[in-house]
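Subject: Structure handover

Hello,

Here is the structure we talked about. Please open it and keep it on screen while you read my notes below.

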Amino acid sequence: MQLYSYYRSSAAYRVRIALNIKGLAYETVSVHLTKDGGHNRRPEYQAVNPQMRVPSFVTDAGDVLIQSLAIIEYLDETHPEPPLLPEEPLARAHARALAQIVACDIHPLNNVGPLRYLKRELHQEQSAIDAWYHHWVIDGFTALEALVRPGPYACGIALTVADICLVPQIYNARRLNVPLDKFPKIVGIDAACMKLAAFDRARPENQPDTE
Ligand SMILES: N[C@@H](CCC(=O)N[C@@H](CS)C(=O)NCC(=O)O)C(=O)O
């Protein structure tokens, strides 16, 4: 199995955590997202993933999957232990909702492409771009802080896809100096997750392409 990844990509970070939780070995294929305007824009990567984003995941049979949440659910369906979603439907919906606050509402506004567009096409100052980034992280984290059920993970005693999405977003928030003092519950969840080898091994600093 191969994972097209970039050490700082939080969407790829999610999949790395899921692969580690499942105990699955994989090869990292690094796609640099900023060098030379982004190696993800090269035709050879476009042939792998027409959306030209990471992650992309290649199964042993050579099938290519894209979109981190779709890849994570595929891994969960093909390797059910340990599960990444609760069994009970209401609890499943809650876990998915927390994951989607990160993956659908925070991350798309703040990732490389949109930030680059704000700068290059809309000619925004770096200070305005930073304010935009902070605003959408704080907006989403405020909702998550009210919705999580730490015990010690986002949905209780078992890890779920909510934790898998939350930890990389907190990593990014710290990197961009978003103040986290108003979010003690989600910071505590992050600390609990980071004690686990599956999360630690997935950290950007522990990737073969880290800089
Ligand atoms: N919804 C996608 C998001 C993928 C995504 O936007 N990845 C970013 C890195 S975290 C990327 O490749 N950005 C490159 C670009 O926008 O040019 C997922 O969950 O996989």
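Start with Pro82, which sits in the loop between helix H3 (68-78) and helix H4 (89-110). The peptide bond leading into this proline, from Glu81 to Pro82, is cis. Its omega is near -15 degrees. Keep in mind that this is a predicted model.

There is another cis bond to look at. The peptide bond from Val54 to Pro55 is cis, with omega near 10 degrees. Pro55 lies in the loop between helix H2 (43-48) and strand S3 (56-58).

One more backbone point concerns Gln67. This residue is not a glycine, yet its phi is positive, at about 75 degrees. You will find Gln67 in the loop between strand S4 (64-66) and H3.

Now the overall fold. The protein has 9 helices and 4 strands. Follow the chain along the sequence and you get the pattern β-α-β-α-β-β-α-α-α-α-α-α-α. The C-alpha trace spans about 45 × 45 × 30 Å along its principal axes. Does the radius of gyration of 17 Å agree or disagree with a compact globule? It agrees, because a compact globule of 211 residues would have a radius of gyration near 17 Å.

Next, the ligand. Which pocket does the ligand take up? The space it fills is the largest pocket. Around the ligand there are 15 residues. The closest are Ser9, Arg53, Val54, Gln67 and Ser68. Two of these names have come up already: Val54 is on one side of a cis peptide bond, and Gln67 has the positive phi.

What kinds of residue make up this shell? It divides into 4 nonpolar, 8 polar and 3 charged residues. Helix H1 (residues 10-21) gives the largest share, with 3 residues.

Here are some distances to check on your screen:

- Ser68: an N or O atom of the side chain is 2.6 Å from an oxygen atom of the ligand.
- Asn111: an N or O atom of the side chain is 3.2 Å from an oxygen atom of the ligand.
- Gly113: here a backbone N or O atom is 3.2 Å from an oxygen atom of the ligand.

How much of the ligand does the protein bury? Taken alone, the ligand exposes 510 Å², and the protein buries 93% of that.

Try finding Ser68 in the model before you go on to the others. Then trace the loops with the cis bonds.

Best wishes

Key
Residues are numbered from 1 along each chain as its sequence is written. This is a predicted model: local features need pLDDT of at least 70, side-chain atom pairs count only at pLDDT 80 or more; totals for chains, interfaces and linings use all residues. Side-chain values use heavy atoms; hydrogens and water are left out. A residue is near a molecule or strand if one of its heavy atoms lies within 4 Å of it. A polar contact is a pair of N or O atoms within 3.5 Å; within protein, one must be able to donate a hydrogen and the other to accept it, and residues adjacent in sequence count only if both atoms are side-chain atoms. Accessible areas come from the Shrake-Rupley method with a 1.4 Å probe; for residues, only the protein chains shown count as cover. On a 1 Å grid over the protein atoms alone, a cavity is a set of points where a 1.4 Å probe fits but cannot get out, and a pocket is an open set with protein on both sides within 12 Å along at least five of seven lines; lining residues have an atom within 4 Å of a point. A molecule sits in a cavity or pocket if more than half of its atoms lie within 2 Å of its grid points. Helices (H or I, at least four residues) and strands (E, at least two) are DSSP runs, numbered from the N terminus. Ala, Val, Leu, Ile, Met, Phe, Trp, Tyr, Cys and Pro count as nonpolar, Asp, Glu, Lys and Arg as charged, and the others, Gly among them, as polar. The radius of gyration is taken over C-alpha atoms; the globule rule is 2.2 Å times the number of residues to the power 0.38.
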